[in-house]
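Biologist: I would like to go through this model term by term. Please set each value against its cut-off before drawing a conclusion.

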Amino acid sequence: MKNTNQQWSTLPYAGEQKPPSNPEEPGAGSWATHFIQLQDDYLFTKKNGDPIHFQIKDPQLIDFTKELGIVENTLNQLTDTQIDQAKFWGTGPPTKQIIPILDKLIDTYQVPAPRAARILAAVLAAINDTFVVTWFLKFKYDVARPNQVNPSFETLLCTPRHPSYPSGHATIAGCTEVVLSYFFPGEAKRLKEISKECADSRLYAGVHYPIDNIEGLRLGRQMGRIVVAELKKEYETKNKTIDKPYTRNLKAITAPPPYEQVIPYPYKNNCDSLLLENNKEQPSHAQPLSKPRLYIK
């Protein structure tokens with residue numbers, strides 16, 4: 001089916017003069033994976049060779065004009081909490097906020113060192129595979145960002161230099177939610193809340209349509225289920241399954257809030273595209289913020 005949506009590769013960001021010429025890792029959709037396989041014909045399969053049919057809506061079936069209206073209305077009435085969430089989750093790559101959650105779970109449940117290494121390896125390998133799939137689909141679909149479709153649109157955060165659909169934060173959040181819920185089922189409810197917040201934060205930042213996040217979570221959770229199915233097949237000596245999920249709920253995950261970086265770093269929020277006036281040249285969220293009310297023109 002020919003892509004009739006406006007394309008990321010052909011439109012400048014708001015405030016810029018030319019389409020993006022510096023895409024972020026456009027080849028990442030072909031990188032090595034751990035739990036799935038990319039065949040020569042660009043078909044993803046499970047380890048046993050079964051093809052994977054990704055659970056994501058065809059972007060040709062999405063009304064991105066309606067989606068853009070939701071983004072514009074959202075940024076016109078951002079709450080203080082939404083601003084904090086956008087800046088917290090939008091600081092650095094999504095793993096910056098996710099890895100401390102892994103550490104907190106491992107500490108709270110006093111996970112032995114070999115098992116802690118396995119959990120970390122499984123989650124991070126799953127994130128890698130999900131990024132590969134996400135980048136493959138992003139550059140396949142080539143969906144324009146909100147600030148490309150509306151050339152006067154001012155975002156809260158800088159718009160990343162890769163196509164919009166699906167949201168990388170959302171896919172990674174959904175995958176991590178499912179894999180961690182396998183190891184720590186008692187924490188599943190809180191993990192689901194966190195993954196949704198991470199995904200929603202990209203709408204509040206103005207860099208994604210709501211459907212990017214909704215379908216991203218859906219795709220990420222599918223990837224998580226594929227990973228968990230492979231983990232369940234692995235055995236140690238005496239034909240015993242390796243994993244012993246921690247079924248109690250020790251309520252390890254309490255933050256965020258507060259929306260403070262575990263390892264602060266002064267990322268800069270300066271870019272060539274248009275930003276909301278009160279957020280220009282400000283560092284990304286490393287410490288508690290003053291909370292100005294922000295409006296787009």
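Biologist: Which residues of the largest nonpolar core touch the most other members?

Modeller: They are Leu-105, Val-111, Val-179, Leu-180, Phe-183 and Phe-184, in a core of 39 residues. This is a predicted model, in which local features need pLDDT of at least 70 and side-chain atom pairs count only at pLDDT 80 or more, while totals for chains, interfaces and linings use all residues. Residues are numbered from 1 along each chain as its sequence is written, and side-chain values use heavy atoms, with hydrogens and water left out.

Biologist: What makes a set of residues a nonpolar core?

Modeller: The members must be buried Ala, Val, Leu, Ile, Met, Phe, Trp, Tyr or Cys residues joined through side-chain atoms within 4.5 Å. Buried means under 20% relative accessible area, exposed means over 50%, and partly exposed is in between, with a 1.4 Å probe and protein chains only. In soluble globular proteins, nonpolar side chains tend to be buried together.

Biologist: Which residues is Leu-180 in contact with, leaving aside its neighbours within four places in sequence?

Modeller: Leu-180 is in contact (heavy atoms within 4.5 Å) with Ile-101, Leu-102, Leu-105, Ile-119, Val-123 and Leu-191. A second, separate core of 33 residues includes Phe-44, Ile-62, Val-71 and Met-223.

Biologist: How many salt bridges does a search of the whole structure find, and what makes a pair a salt bridge?

Modeller: The search finds nine. The criterion is a side-chain nitrogen of Lys or Arg within 4 Å of a carboxyl oxygen of Asp or Glu.

Biologist: Why is the pair of Glu-16 and Arg-161 called a salt bridge?

Modeller: The N to O distance between the side chains of Glu-16 and Arg-161 is 2.9 Å, and the cut-off is 4 Å, so the pair qualifies. Glu-16 lies in the segment before strand S1 (36-38) and Arg-161 in the loop between helix H5 (146-149) and H6, so the pair ties together parts that are 145 residues apart in sequence. Helices (H or I, at least four residues) and strands (E, at least two) are DSSP runs, numbered from the N terminus.

Biologist: Why does Glu-16 count as buried?

Modeller: Its relative accessibility is 15%, and buried means under 20%, so Glu-16 falls in that class.

Biologist: What does Arg-221 form with Glu-177, and is Glu-177 buried or exposed?

Modeller: Arg-221 and Glu-177 form a salt bridge, with the closest N and O atoms 2.9 Å apart. This pair links distant parts of the chain, as Arg-221 is in helix H8 and Glu-177 in helix H6, 44 residues apart. Glu-177 has 10% relative accessibility and therefore counts as buried.

Biologist: Where do Glu-193 and Arg-190 lie?

Modeller: Both are in helix H7, three residues apart, about one turn of the helix. Their closest N and O atoms are 3.2 Å apart, and they form a salt bridge. Glu-193, at 40% relative accessibility, lies between the two cut-offs and so counts as partly exposed. Separately, Arg-118, Glu-234 and Asp-243 are linked in a network of salt bridges.

Biologist: What makes a space a pocket?

Modeller: On a 1 Å grid over the protein atoms alone, a pocket is an open set of points where a 1.4 Å probe fits, with protein on both sides within 12 Å along at least five of seven lines; lining residues have an atom within 4 Å of a point. The largest pocket has a volume of about 610 Å³. Its lining has 28 residues, and the closest to its centre are Glu-24, Gly-90, Gly-92, Pro-160 and Arg-202.

Biologist: Which helix gives the most to the lining of the second largest pocket?

Modeller: H3 does, with five residues. That pocket holds about 240 Å³ of space and is lined by 15 residues, with Pro-100, Ile-101, Ala-255, Pro-256 and Val-262 nearest its centre.

Biologist: Which residues does a cis peptide bond join?

Modeller: One such bond joins Tyr-165 and Pro-166, with omega about -5°; Pro-166 lies in the loop between H5 and H6. The bond from Pro-256 to Pro-257 is also cis, with omega near -5°.

Biologist: Why is Gln-110 called exposed?

Modeller: Its relative accessible area is 68%, and exposed means over 50%, so the term applies to Gln-110. Gln-110 is in the loop between H3 and H4, and its phi is positive, near 50°, although the residue is other than glycine.

How values were computed. Grid points are joined across faces, edges and corners, and a volume is the space filled by probe spheres set on the points.
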